[in-house]
Amino acid sequence: MSRRILIVTGLYPPNAPTATVRAPKFARFLLDRGHDVRVLCGLNLQFPAVVDPEIPAERIAAVPYVRRGRTAPMTEADQPKPAAKAASAEPQVRPGRLRRLIWQLSYLPDPHITWIDPAVEAALAWDWKPDAIFSTGPPHSSHMAAAKLSRAWGVPFVAELRDLWADNIYGNESVIANRVNRWMERRALSKAAALVAMTEGSAAILARRYGKPVVCAANGYDPADFAGLEDVPAFDAERLTIVHAGSTYNGGRSPAPLLAALALLKPDPAKLVVHFWGEDSDVPMAMAERAGVAHLVEAHPSIGRGEVLRIERAADVLLLLRFSTEGEKHVVAGKLYEYVGARRPILCHGQQEGEAADIIRRSGLGLVSNDPATIADWLSEKLAERANGRLPDLPAGAADGLTRAAQFEKVEVLLDRSLSGPKKV
């Protein structure tokens, strides 16, 4: 049955970070399924228009607003490691940290909070009213805007948390700021008809917290992203090419195991190279210099997503970096599914357990290891296997069930059920 569905999200292409692809892919999925889709988003001109919005521009309402600035930016020393805030059960404000706390509280849940009122005002002026609202975050201010619209229109909304809002392992908030986030989260999500999570672990947390219907709909990959790249030539016909494109979070997601393995293997520079693309590619390059393998590593600035996909498809091995924390067990980065679509072997470092590691092992997608000797042996095998200028593709069956469409069908069913059941506004 065709529905009128409004997608609410603070960040939406074309002016959005290059990683912001799930919302436009979902909008396209719904449109292709015959639904009348509209998108309510912020006008974020600070980002270049490099991401495909996937749907016609007339279906996108980008609302101008003034993004709350960071008037007291944190230094690298201020930023705790993931999950560090869980070590203390009670609020503590140490001397010298008050300014940072005030700064954090001023823009919770995110710097886009000033978008909420203009977005709600703009939507309520339309002569179009949705049957259901679907909010996706971060930014989690999207859910606050959706909750207000849900109440004003008297229609249900479903909230998708691509990352947890409160108690997020990557958050830099103090205990006090996290408690404020919990309060904001409960005010917004308690009004949702249902919730969507990206991982089974996050889904379980949300189900316990709210007692609402929760579905796990993983990121997945879109085969259309790789159309025309089926027969792309090897990135380097002479050298085994290992590629990482994206942030290493200043080395928090560390390539150290690979670099140590290269120091053990001592491969011929004419036979192997590692490429890092990203805004902090200088960090792994510095690590390579300290490990004595800088002659095997090349660092590059960030590039557009289309070029990233082409390079990943042309590479021999794709490097997946994860944090080593316990919380990372229930995080599956969208990059993993992108790698699945590229059908190239994956080398994974960081947390060795949890959902992402299970996907790689269960589907035979590559190696999950932090042990330099094990990695060196695996790379030696790959060097020996390389024929006709590149390693063979992974079997097509390894990607079964991991497409975006297969995951989005679960969300479509949830939206339909939210319209069939009692409204929670």
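This is a short talk about one protein chain, with a look at helix α10, its partner α9, and the residue Ser141.

Hi everyone, thanks for coming. One thing up front: what you have on screen is a predicted model.

Let me start with the whole chain. It has 13 helices and 13 strands. Of its 425 residues, 54% are buried. And if you take contacts between residues at least 6 apart in sequence, 76% of them join residues at least 24 apart.

Now please find helix α10, residues 334-342. How many of the nine residues of α10 are buried? Seven are, so the helix is largely enclosed by the rest of the structure. The buried ones are Leu336, Tyr337, Glu338, Tyr339, Val340, Gly341 and Ala342. Notice that Glu338, a charged residue by class, is on that list.

What do these buried residues pack against? There are two helices, α9 and α11 (355-362), and three strands, β8 (240-245), β11 (317-321) and β12 (346-349). Just after α10 comes Arg343, and its phi is positive, near 60°.

Let's stay with one of those neighbours, α9, which covers residues 305-314. In general, a pair of packed helices is described by the angle between the axes and the distance between them. Here the angle is about 55°, and the axes of α9 and α10 lie 9 Å apart. That angle makes α9 oblique to α10, and the crossing is right-handed.

Which residues meet there? From α9 we have Arg305, Val308, Leu309, Glu312 and Arg313, and from α10 we have Lys335, Glu338, Tyr339 and Ala342. Sorted by class, this contact has four nonpolar residues, five charged ones and no polar ones. Glu338, Tyr339 and Ala342 should sound familiar: they were among the buried residues of α10, and here they are in the contact with α9.

For the last stop, let's go to Ser141, in helix α4, residues 141-153. Is Ser141 buried or exposed? Its relative accessible area is 0%, so Ser141 is buried. Its side chain makes a polar contact with the side chain of Asp110, at 2.9 Å. If we set aside neighbours within four places in sequence, Ser141 is in contact with Pro109, Asp110, His112, Ile113, Trp115 and Ile116. Asp110 therefore turns up both as the polar partner of this buried serine and in its list of contacts.

That's my tour. Happy to rotate the model for anyone who wants another look!

Note on methods:
Residues numbered from 1 in each chain as written. Predicted model: local features only at pLDDT ≥ 70, side-chain atom pairs only at ≥ 80, totals over all residues. Heavy atoms only, no water. Helix = DSSP H or I, 4+ residues; strand = E, 2+ residues; numbered from the N terminus. Buried < 20%, exposed > 50% of the residue type's maximum accessible area, 1.4 Å probe, protein only. Polar contact = N/O pair within 3.5 Å; in protein donor to acceptor, adjacent residues only side chain to side chain. Contact = heavy atoms within 4.5 Å. Axes fitted to C-alpha atoms, helices over the stretch in contact; angles between N-to-C directions. Parallel < 35°, antiparallel > 145°, perpendicular 65-115°, else oblique. Left-handed = near helix turned anticlockwise from the far one by under 90°.
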